[in-house]
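Work through the exercises below with the sequence and the model side by side, and try each task before reading its solution.

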Amino acid sequence: MNAPLKHTADATTVEEGLAIQEEQAKFDSEAATAVAMQNTLLTPRFYTTDFDELDAIDVSPVREDWDKLIAQMVSDPNKGHFKKNEDWDHVDWDGMEPELKKEFIDFLISSCTAEFSGCVLYKEMKRRGNNADITQLFQLMARDEARHAGFINDALREAGVAVNLGFLTQKKKYTYFRPKFIYYATYLSEKIGYARYITIFRHLQANPEHRFHPIFKWFEEWCNDEFSHGEAFALLMKTEPKLTQGFNVYWIKFFLTAVYATMYVRDHQRPAFHKALGVDPDWYAHEVFTKTSKLSEQIFPITLDIEHPRWQPNLEALHRANVQIAEGKKQGGMGGKVKEWTGSLKAARAFLSLLTIPANKHQVPASTRLEPAY
């Protein structure tokens with residue numbers, strides 16, 4: 001009998017990866033799991049959808065590009081990659097500046113939860129579906145996301161915490177999204193994930209003195225998985241042209257605005273983390289938005305005008321409103337509630353101002369497929 005797999009990086013299916021996670025869960029931290037369980041506008045969510053509608057997708061219109069993408073994913077270039085090796089430097093968690101340690105652990109927990117939320121959604125589609133094309137795709141993506149989540153949990157365990165991913169699967173609240181909203185949200189999540197990771201990776205290549213943790217060395221291969229997953233969702237949208245036409249363009253604009261705004265506010269909650277990286281959060285946001293906008297031209301007929309005079313001031317207003325809401329919650333009582341409500345009103349006003357900035361329009365190219373180039 002073969003010995004059981006010992007690391008998620010070597011798992012060839014999502015089932016194998018999750019079995020390893022289940023075995024490790026007995027050592028995981030209740031505190032980290034509690035953070036991952038939170039459901040707010042800024043925390044990663046678990047999604048469910050109409051799986052029958054997904055199962056009915058016909059990929060014939062994009063068959064040539066589809067088969068090339070699937071062949072690339074089946075070849076599994078990152079098998080065995082997402083685990084510690086001789087490049088994994090010692091991390092002095094006890095000596096790390098307390099605020100940086102707090103923010104970095106928060107970053108890792110949020111990233112782990114986001115990766116695992118994709119794994120859960122993709123695995124469920126694979127389990128429920130009968131469409132060979134669709135179930136194969138979701139099996140491959142779930143495999144990758146399970147590896148990523150397992151790798152982040154390895155890093156967290158060194159700090160004395162880890163997320164019980166099996167517990168999350170059973171207990172975390174699920175949000176229902178119609179399939180087209182899953183396409184928009186997940187496509188953007190994967191592409192902005194690529195843009196975020198590659199921007200950090202390239203910055204640290206040029207400035208290695210700011211690489212305060214070894215996990216950043218793995219970001220290039222990691223973001224290439226994100227890129228491939230985004231390509232898959234672009235092809236899924238390409239099979240149904242109406243998804244990127246007519247009134248749906250307004251939904252695309254909403255999701256673009258929401259994803260960009262959420263990233264901006266969340267990142268500005270971690271000043272010590274970005275200072276340690278040697279990165280200005282405003283510069284970083286603009287770099288990521290620019291890359292994501294360029295990538296999304298492959299399938300979306302609009303991009304957001306991130307150079308518009310109202311763009312940056314309203315992002316900053318959103319951040320200030322979020323700080324006020326947090327202060328109100330901490331304060332408690334009627335005074336705290338009033339502070340929360342006024343902060344929420346300011347946030348809604350700033351988001352509406354962002355949403356009403358005229359979008360940039362362009363012609364979507366005939367061929368959807370891209371290759372990572374940043």
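**Exercise 1. Find the partner with which K191 forms a salt bridge, and say which parts of the chain the pair ties together.**

Solution. K191 forms a salt bridge (a side-chain nitrogen of Lys or Arg within 4 Å of a carboxyl oxygen of Asp or Glu) with E231, and the closest N and O atoms of the two are 2.6 Å apart. Next, place both residues: K191 lies in helix α8 (residues 179-206) and E231 in helix α9 (residues 219-238), so the pair ties together parts that are 40 residues apart in sequence. Helices (H or I, at least four residues) and strands (E, at least two) are DSSP runs, numbered from the N terminus. Finally, K191 and E231 are both buried, where buried means under 20% relative accessible area, exposed over 50%, and partly exposed in between (1.4 Å probe, protein chains only).

Before going on, note that this is a predicted model, in which local features need pLDDT of at least 70 and side-chain atom pairs count only at pLDDT 80 or more, while totals for chains, interfaces and linings use all residues. Residues are numbered from 1 along each chain as its sequence is written, and side-chain values use heavy atoms, with hydrogens and water left out.

**Exercise 2. Determine where D267 and R196 lie, and whether each is buried or exposed.**

Solution. Start with the contact itself: the side chains of D267 and R196 meet in a salt bridge, with 2.8 Å from N to O. This pair links distant parts of the chain, since D267 is in helix α10 (residues 248-267) and R196 in helix α8, 71 residues apart. Then check accessibility: D267 counts as buried at 4% relative accessibility, and R196 counts as buried at 14%.

**Exercise 3. Describe the salt bridge between E231 and R369, and then look at the wider count.**

Solution. E231 also forms a salt bridge with R369, where the closest N and O atoms are 3.1 Å apart. Here E231 is in helix α9 and R369 in the segment after β4 (360-361), so that distant parts of the chain, 138 residues apart, are linked. The relative accessibility of E231 is 1%, which counts as buried, and R369 is buried too, with a relative accessible area of 17%. Elsewhere, salt bridges that share partners join D76, R143, D144 and R147 into one network. By the rule given in the first solution, the count comes to 20 salt bridges.

**Exercise 4. Compare the reach of helix α6 with the expected value, and examine the helix ends.**

Solution. Helix α6 (residues 132-158) has 27 residues, and from its first C-alpha to its last it reaches 40 Å, close to the 39 Å expected, the expected span being 1.5 Å times one less than the number of residues. Of these 27 residues 22 are buried, so α6 is largely enclosed by the rest of the structure. At the N-terminal end, N131 caps α6, with a side-chain oxygen 3.1 Å from the backbone nitrogen of D133. Just after α6, G160 takes a positive phi of about 90°.

**Exercise 5. Identify the residues that A321 touches, not counting residues up to four places away in sequence.**

Solution. First locate A321, which is in helix α13 (residues 311-331) and counts as buried at 0% relative accessibility. With that separation in sequence applied, A321 touches G343, K346 and A347, contact meaning heavy atoms within 4.5 Å.

Technical notes
Polar contact = N/O pair within 3.5 Å; in protein donor to acceptor, adjacent residues only side chain to side chain.
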